[in-house]
Amino acid sequence: MSSTIDDAIGRVRGRFLDLLRERLVVIQSCMSARSSDPAELEQALFVVHKVAGSAGTLGLPNLGEVARTCEEQLLRDLHAGGTISGMGFAYLERFVDFSHSVLEAYSVPAAPLQAVPRAAFGR
Amino acid sequence: MRLLAVDDDPIILDLLNEIIRSTTSYEVAVASNAQEALDLIDRGAGETFDCFLLDIQMPGMSGIELCREIRTRQEYRFAPILMLTAMAEKHYVDGAYSAGANDYITKPFEVTEINRRLTLAQTRATQLREEAARALQSDTPERYGILERIHIFDVDNVVDYVAMENYLPSLPKHSLLGSAALGIQIRGIEDIHENTSGFEFAGVIEDVAEAISDSLRDFQCLISYAGNGTFVTVIENQSLPARHVLADNVNLRLQKLGTHLSLPGQRPVRVICGDLVRLMHPTTERIQEALFQATASALQVANDTERNLEKFWFMGQVAQ
């Protein structure tokens, strides 16, 4: 791949990682609540769907794959009962851990856990 | 080329913008939802887009609905529409092509793949613009070439032949391998072509497309006109119709449409089906080969039938 494309991808990857940091706050908020609110599942699904769709192109195929398997589990949860199952939380935890390791590798400091307005991430 | 990319993920829009601007001379406009896209399209102030890249899953109107909406605008009937989506399931692929999409790329995508598909889209856009310009100069061409792939608009599940070739490799592998191609040939097409004006010939092709589409409306399928009076349809194996029943249904519908009334001597227009060709290999070359086999088989069956009829009349032999 030419350096022009590499540079272009590098620029977008930086913005993706910044956004990933914000998106992780949403996921962590869902996980800490462990509620049976269907909206929590939709929030989490939205995040992992977006990450699964773009991480691979940005040179982060493993993160994309972890997000994809998490999305598949959350879709099963959506069809089963509409709330995040125990297995769904396990997959989310794996996704969060993996994301943190990617952020660390690219030296983007993790944000402190805080609530993010839901409207900002609505589907 | 002016592109409009529509996606609710700002990262994908950024990525497309960066990749396309840094590797091509194309202009890129972006919209984060379908309504914003339609606003940009409708207040184009004389400047139209040459190509669209649409996500499917977006809040509000989906990318498939947006695609259908874009196709209703006269100036975008021929514009290439590429779907760029994470939704790989067959019903999304079918829905997108039925709505008028020309190509389907699944996320995550390779950067080189986007450029390759855009180059193909640009070539196709140029061809289609030239065809549209020729069509504007005269309402209907004096004559169509018999092999010409006449464009058919507004018939359910009927897509451009190039779109059909793109559709099949876009399917999930298990769906592709569970499908078959079937050629449907208009009998005596050379005779019909020889004895009709361009307008009448195009009318026959459109009527046959409508009759096939109506006859297959209960089946999950796409249909395309391959030229030379041959249609090709791709149907899921589980729901294959009996070929002679399908041909009878199409012929009955053509009779009801009164297609024959516009032809010299009111010669009846009838179709016949070829052999089913199972789609066994997901590579583009093998898919093109399977489509060719399906159309060639239909033509062969039609020619054999016409020859046997001649034997029946002139040599006292029995028609098959």
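The side chain of Thr57(A) has a polar atom 2.8 Å from the backbone oxygen of Phe109(B). A polar contact here is a pair of N or O atoms within 3.5 Å; within protein, one must be able to donate a hydrogen and the other to accept it, and residues adjacent in sequence count only if both atoms are side-chain atoms. The model is predicted: local features need pLDDT of at least 70, side-chain atom pairs count only at pLDDT 80 or more, and totals for chains, interfaces and linings use all residues. Residues are numbered from 1 along each chain as its sequence is written, chains are lettered from A in the order in which they are written, and side-chain values use heavy atoms, with hydrogens and water left out.

**Around Thr57(A)**

Thr57(A) sits in the loop between α2 and α3 (61-80) of chain A. Helices are DSSP runs of H or I with at least four residues, strands are runs of E with at least two, and both are numbered from the N terminus. Thr57(A) is buried, at 7% relative accessible area. Buried means under 20%, exposed over 50%, and partly exposed in between, with a 1.4 Å probe and protein chains only. Not counting residues up to four places away in sequence, Thr57(A) touches Ile9(A), Leu15(B), Pro108(B), Phe109(B) and Val111(B). Contact means heavy atoms within 4.5 Å.

One of these partners, Pro108(B), lies in the loop between β5 (103-106) and α5 (111-137) of chain B. The peptide bond from Lys107(B) to Pro108(B) is cis, with omega near -5 degrees. Most peptide bonds are trans.

**Chain A and its helix pair**

Chain A has four helices and zero strands. Its pattern along the sequence is α-α-α-α. Of its 123 residues, 46% count as buried. Among contacts in chain A with a separation of 6 or more, 73% come from residues 24 or more positions apart.

How do the axes of α1(A) and α2(A) cross? Helix α1 (residues 3-33) and helix α2 (residues 38-54) of chain A have axes that come within 10 Å and cross at roughly 150 degrees. Axes are lines fitted to C-alpha atoms, for helices over the stretch in contact, and angles run from 0 to 180 degrees between N-to-C directions. α1(A) and α2(A) are therefore roughly antiparallel. That term covers angles over 145 degrees.

In α1(A), the contact residues are Phe16(A), Leu20(A), Arg23(A), Val26(A), Ile27(A), Cys30(A) and Ala33(A). They meet Glu40(A), Gln43(A), Ala44(A), Val47(A), Lys50(A), Val51(A) and Ser54(A) in α2(A). The residues of this contact divide into nine nonpolar, two polar and three charged. Ala, Val, Leu, Ile, Met, Phe, Trp, Tyr, Cys and Pro count as nonpolar, Asp, Glu, Lys and Arg as charged, and the others, Gly among them, as polar.

**Positive phi in chain B**

Two loop residues of chain B are set out here.

| Residue | Phi | Loop | Relative accessibility |
|---|---|---|---|
| Asn228(B) | about 60 degrees | between β8 (221-225) and β9 (230-236) | 16%, buried |
| Gln266(B) | near 50 degrees | between α10 (243-257) and β10 (271-278) | 46%, partly exposed |

Most residues other than glycine have a negative phi. Asn228(B) is not a glycine, yet its phi is positive. Gln266(B) also has a positive phi and is a residue other than glycine.

**Thr305(B)**

Thr305(B) is found in helix α11 (residues 284-315) of chain B. Is Thr305(B) buried or exposed? Thr305(B) is buried, with a relative accessible area of 15%. Leaving aside neighbours within four places in sequence, Thr305(B) contacts Arg187(B) and Ile272(B).

Technical notes
Parallel < 35°, antiparallel > 145°, perpendicular 65-115°, else oblique.
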